[in-house]
Amino acid sequence: MPRTILRDNTLDDIIYNKYTEQFQIEMMLQNVEGFGSPSEFISKFGLRITDEVRFSVSQRRWDEEVTEHNPTLTVDGRPNEGDLLYFPLTKDLYEIKFVEREDPFYQLGKVYYYTMTAEIYEYGSDDISTGVAEIDVIETLFSNSIALTMAVGGTGDFTIGEAVTGSTTGTEAEVKSWDAGTRVLQVINRTGTFATGEAMTGNDSGAVHVVGTFDTLNNTNSEYDQNRVIETAADDIIDWTEGNPFGESGNFTGSI
């Protein structure tokens, strides 16, 4: 799955990565005795699982597949660091960390393989839309998600995977789930923040409902998210009102 990088043109920072292309190719798994080490370790951020695998792919077969699908997907015509590999036996995504182009070292006077070292992929707000359901579901399961409770009324039902747009803010998002009984809409991949009272329209279904309540700090895709708890505790410690010269709330006006 080749990576497409979306950058901030002003700061030249990476906004997020897109994985919208995919093709299948034969590879040889080198570390057949198990994952490379260290596969699990305790860091200052907690337990990290960095299962490492090494794959080899024929350069000739690679060139054939890339030429057939899209030659612009790769840099220098080879697999690139940051691209993803889906290994169906473990049903996991692996991110390529390094590509060795001279291993084995000119055996019989030529290099025949690309050898890739990859680690288990850590999802980070990337757009995964390859058209393969078992791959695309990873984004649905791990992308930051919020729940919006819609006001009573509205028409139609949102469909999973469609884009929805706010009438006032113009914010767009992708539908993760919609419960017509409780009127709870869960969305991922937001481009901004919705406003209470604005109408939200499904781009495919045509459903229209008005936003009632929501909490952008409550990530419904995580059992361990504590953003709301931290925010509430911080408000009890720091004075954000206008009476505090270091506060941020309120609009200050003046004249010279």
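Tutor: In this predicted model, contact means that heavy atoms lie within 4.5 Å of each other.

Student: Which residues does Arg3 touch, not counting residues up to four places away in sequence?

Tutor: Arg3 sits in the segment before strand E1 (4-7), and its C-alpha atom is separated by 5.3 Å from that of Tyr19, although the two are 16 residues apart along the chain. With residues up to four places away left aside, the residues that Arg3 touches are Asn17, Lys18, Tyr19, Glu81, Gly82 and Asp83.

Student: Is Arg3 buried, exposed or partly exposed?

Tutor: Buried means under 20% relative accessible area and exposed means over 50%, with partly exposed in between. Because the relative accessible area of Arg3 is 27%, the residue is partly exposed.

Student: Which residues of helix H1 (residues 59-69) are buried, and which are exposed on the other side?

Tutor: The buried residues of H1 pack against strand E6 (52-58) and strand E9 (113-120), and they are Gln59, Trp62, Glu65 and Val66. These residues cover an arc of only 130° around the axis, so they lie on the same side of H1. On the other side of H1, the exposed residues are Arg60, Thr67 and Glu68.

Student: In strand E14, what is the bridge partner of Ile146?

Tutor: Six strands close into a barrel in the order E11-E14-E13-E12-E15-E16, with antiparallel pairing. Within this barrel, strand E11 (residues 145-150) pairs with strand E14 (residues 184-188) over five bridges. The partner of Ile146 in E14 is Val187.

Terms used:
Residues are numbered from 1 along each chain as its sequence is written. This is a predicted model: local features need pLDDT of at least 70, side-chain atom pairs count only at pLDDT 80 or more; totals for chains, interfaces and linings use all residues. Side-chain values use heavy atoms; hydrogens and water are left out. Two strands pair if DSSP finds at least two bridges between them. Helices (H or I, at least four residues) and strands (E, at least two) are DSSP runs, numbered from the N terminus. Buried means under 20% relative accessible area, exposed over 50%, partly exposed in between (1.4 Å probe, protein chains only). The arc is that of the directions from the helix axis to the C-beta atoms.
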